[in-house]
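Here's a quick briefing for anyone meeting this structure for the first time. Have a look at it first, then read on.

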Amino acid sequence: MARFKRILLKLSGESLMGNQGYGIDAERLSDYARQIKEVSEMGVQIGIVIGGGNIFRGLSGSQKGFDRVKGDQMGMCATVINSLALSSALGAIGVKNKVLTAIRMEPIGEFYTKWKAIEAMEAGQVCIFSAGTGNPYFTTDTGSSLRGIEIEADVMLKGTRVDGIYTADPEKDPTATKFDEISYKEVLSRGLKVMDLTAICMCQDNNLPIYVFNMDVVGNLKKVMEGEEIGTLVHP
Ligand SMILES: Nc1ncnc2c1ncn2[C@@H]1O[C@H](COP(=O)(O)OP(=O)(O)OP(=O)(O)O)[C@@H](O)[C@H]1O
Ligand SMILES: O=c1ccn([C@@H]2O[C@H](COP(=O)(O)O)[C@@H](O)[C@H]2O)c(=O)[nH]1
């Protein structure tokens, strides 16, 4: 029996690079697809948002002279590329799925509405929400909180490359210690940077719990759904 009925899974674009340092690592992509299949077979309704950090981020672009809005539009297109890659990997192993886009771009994906997404998820299809919120100056973390709230997910699972939230960035500070659970308020007051603050605030305001875990370890997504405490829960 799965711990949650409907989830919003946020996947890291950066993690999709695997060890190759750029683009999409085929092995990492198929590991993600197999993990998603396992959970879909448990009867869980799944919505997914995938980042674009392996391809382009508007903020880094603007530091190199790109117009910020155009840079963010490039970043949103990057999330569409990753979404199509994930859709293809899921399709290859028999997982029915649908790419929905926050910006009209048929026939690449259908234009997102909450009702289309819910209908598809209830019919057993995995929904991949691409192009973030459709607006510049946001990130896919915020896109995830937005879609998670809209589709009335039970939880937003942030599948990343660290195994939870720490007192400081564990990739930079080896003395950082992990929280098993933490309140939204404390994430905000400590300025913890595992997710952007807009996303945390939206989840707080709309009572959407967040669970941060390491998606790069195969089998972890199923463990989370089975109730194993392998990450960090953010709640009121
Ligand atoms: N206090 C903290 N606890 C845990 N992780 C932290 C913390 N502060 C910063 N981080 C960093 O947050 C990162 C989150 O990475 P992730 O790639 O999932 O984010 P992202 O920027 O949303 O990626 P993308 O944009 O590519 O989707 C981790 O790599 C981790 O090093
Ligand atoms: O709602 C959104 C979501 C994303 N963007 C742009 O895309 C990139 C990639 O997303 P990440 O969350 O950083 O992986 C982001 O940096 C923005 O430039 C956006 O503009 N609006």
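Which residue in β2 is the bridge partner of L8? That's G47. Keep in mind that this is a predicted model. The chain has eight helices and nine strands, and the notes below start with its overall build, then move to the strands around that bridge and the two ligands.

**Overall build**

- The chain's radius of gyration is 16 Å, which agrees with the value near 18 Å that a compact globule of 236 residues would have.
- Along the principal axes, the C-alpha atoms fit in a box of roughly 50 × 50 × 35 Å.
- Buried residues make up 45% of the 236 in the chain.
- Take the contacts between residues at least 6 apart in sequence: 71% of them join residues at least 24 apart.

**Strand β1 and its neighbours**

- Strand β1 covers residues 6-11, and five of its six residues are buried, so the strand is mostly covered.
- One partner of β1 is strand β2 (residues 45-50): the two pair in the parallel sense over six bridges.
- To get from β1 to β2, the chain passes through helix α1 (residues 26-40), and this β-α-β crossover is right-handed.
- β1 also pairs with strand β6 (residues 155-160), again in the parallel sense, this time over five bridges.
- Across from I7, on the β6 side, you'll find V155.

**Around ligand 1**

- Ligand 1 has 20 residues around it, and the closest are S12, G13, G51, G53 and T160.
- Sorted by class, that shell holds seven nonpolar, seven polar and six charged residues.

**Around ligand 2**

- Ligand 2 is surrounded by 23 residues, with G51, G58, D72, G75 and G132 as the closest.
- Three helices each give two or more residues to this shell: α2 (58-63), α3 (68-92) and α5 (140-150).
- Which element supplies the largest share of the shell around ligand 2? It's α3, with six residues.
- By class, the shell around ligand 2 has 15 polar residues, along with five nonpolar and three charged ones.
- G51 is worth finding in the viewer: it's listed among the closest residues for ligand 1 and for ligand 2.

Definitions and conventions
Residues are numbered from 1 along each chain as its sequence is written. Chains are lettered from A and ligands numbered from 1 in the order in which they are written. This is a predicted model: local features need pLDDT of at least 70, side-chain atom pairs count only at pLDDT 80 or more; totals for chains, interfaces and linings use all residues. Helices (H or I, at least four residues) and strands (E, at least two) are DSSP runs, numbered from the N terminus. The radius of gyration is taken over C-alpha atoms; the globule rule is 2.2 Å times the number of residues to the power 0.38. A residue is buried if 20 or more other C-beta atoms lie within 10 Å of its own, exposed if 12 or fewer, and partly exposed in between; C-beta atoms are placed from the backbone. Two residues are in contact if their C-beta atoms, placed from the backbone, lie within 7 Å. Two strands pair if DSSP finds at least two bridges between them. A crossover is right-handed if, with the strands pointing away from the viewer, the path from the first strand over the helix to the second runs clockwise. A residue is near a molecule or strand if its C-beta atom, placed from the backbone, lies within 6 Å of it. Ala, Val, Leu, Ile, Met, Phe, Trp, Tyr, Cys and Pro count as nonpolar, Asp, Glu, Lys and Arg as charged, and the others, Gly among them, as polar.
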